[in-house]
Amino acid sequence: MPAYRDSDTVRKLSGEIDQLRIHASQPRVKLSETIREMINYCNANMQSDHLINPEKENPFKPKKTCLIL
Amino acid sequence: MATESLGKILRTDESVEALTREAETLKAKLAEEKAKLNDVDMCVVSQRLESLQQFNIKPRRVLKGHQGKVLCMDWSSDKRHIVSSSQDGKMLIWDAFTTNKEHAVTMPTTWVMACSYGPSGSVVACGGLDNKCTIYPLSLEEDPASKKKAVATHTSYLSCCSFTCSDYQILTGSGDSTCALWDVENSQLIQSFHGHAGDVMSIDLSPTETGNIFVSGGCDKVAMVWDMRTGECVQMFEGHEADINCVRFYPSGDAFATGSDDATCRLFDLRADREVNCYKKESIIFGCNAVDFSVSGRLLFGGYNDYTVNIWDALKGTRSAILYGHDNRVSCLRISPDGTSLCTGSWDYTLRVWA
């Protein structure tokens, strides 16, 4: 059934082309710019990143014994 | 009649050739456009950044109770409760502070591969070899199973699920190579997403409020970005040499990380439309099952088949630390919603909380 198979291929290829057109139409930004923004995002949020800067009160960590008592 | 069908064959032959040519031209043009934007190397740019200090991340809790491999877990928005699902056919709800089990639900099949907390923290969803995604409202008075509701049905196993920004919609991924968005209230399909050429293994919704996109990865080694409203695949990322097991957005929503059986994690940038970093080492030869970022995006956690968790400096592309503790594959991991702790699930039947 070559005709059947071919029309199947045509449908598949047309779909692929539509997909490629969508992908090609997406706006793109230079890597230098996106990386700069990514680094800025990190720097802006690192202070509140408690896996990098542990906070004093973490419910999963053992409580420090109170010296005043 | 014979000549007519012969003519048809010739015409389709011709169009197959023309279409193949057109597809190739488009592909070449796309590659050329992308190459133009590749003006720097992330690892080179990041060299000037200060190195991270030594971490003090330690195991703080061990959650024991599953009688099979832990396959999936998720945090509640209260930063305290955890849902986990296992090969033993059980879904458990934990109080991670006390390590108590608050609910246990037995599923109709073993291998419960997906579970997820609703944003409100009062509902969970799970599924696996039953091909379904079932919702369980949580209350202290009643057994969650008494109010269960099957919301989604696929034609193969459920590999992942995630509520959208409300308890009323859930996104699912399946071994039938599709993803689908469902209305929880009336169990109806809202949108399906076709395009993967293999089992979908993982999905993640964009953290940006206006996002309306999600990313998926699977056994076809491809990660795809989808428009939730139209069902269209808007971007496609190749590069991995084996199954993608996990996808996770960078906290800003502008990029996402992947973990793969090819023993690498990668970072793909949506706006530059390309891979921007690859996290690998010669000594790491086992696959990565799960990835997640710390809240700033600087740390990328990866759970591996060699029982370890590797912590990568996401910007520099170097390994910052290794977490040891599990006695078998690390199958899933998630940073708590406030970013203060990490939970890992393993084939050693336990979950661990690190902080």
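This passage describes the interface between chain A and chain B in a predicted model, followed by two loop residues of chain B.

The contact between the chains draws on 63 residues of chain B and 41 residues of chain A. The size of an interface is often expressed as the accessible area that is lost when the parts come together. For chain B and chain A the buried area is about 4700 Å², and carbon and sulfur atoms contribute 71% of that area.

Four salt bridges are counted between chain B and chain A. One salt bridge joins the side chains of Arg21(A) and Glu22(B), with an N to O distance of 2.2 Å. In addition, 16 residue pairs are in polar contact across the interface, both residues of each pair being at pLDDT 80 or more. On the side of chain B that touches chain A, two or more residues come from each of the helices α1 (2–37) and α2 (42–45) and from each of the strands β1 (59–64), β17 (233–237), β20 (265–269), β21 (274–279) and β23 (299–304). The largest share of this side belongs to α1(B), which supplies 15 residues. Sorted by class, the side of chain B that touches chain A comprises 33 nonpolar, 13 polar and 17 charged residues.

Two residues of chain B that are not glycine have a positive phi. Trp111(B), with phi of about 55°, lies in the loop between β5 (100–106) and β6 (114–117) of chain B. Trp111(B) is classed as partly exposed because its relative accessibility is 27%, between the limits of 20% and 50%. For Asn131(B), phi is near 65°; this residue is located in the loop between β7 (123–127) and β8 (132–137) of chain B.

Definitions and conventions. Residues are numbered from 1 along each chain as its sequence is written. Chains are lettered from A and ligands numbered from 1 in the order in which they are written. This is a predicted model: local features need pLDDT of at least 70, side-chain atom pairs count only at pLDDT 80 or more; totals for chains, interfaces and linings use all residues. Side-chain values use heavy atoms; hydrogens and water are left out. Contact means heavy atoms within 4.5 Å. Buried area is the accessible area (1.4 Å probe) that two parts lose on being put together, summed over both. A polar contact is a pair of N or O atoms within 3.5 Å; within protein, one must be able to donate a hydrogen and the other to accept it, and residues adjacent in sequence count only if both atoms are side-chain atoms. Helices (H or I, at least four residues) and strands (E, at least two) are DSSP runs, numbered from the N terminus. Ala, Val, Leu, Ile, Met, Phe, Trp, Tyr, Cys and Pro count as nonpolar, Asp, Glu, Lys and Arg as charged, and the others, Gly among them, as polar. Buried means under 20% relative accessible area, exposed over 50%, partly exposed in between (1.4 Å probe, protein chains only).
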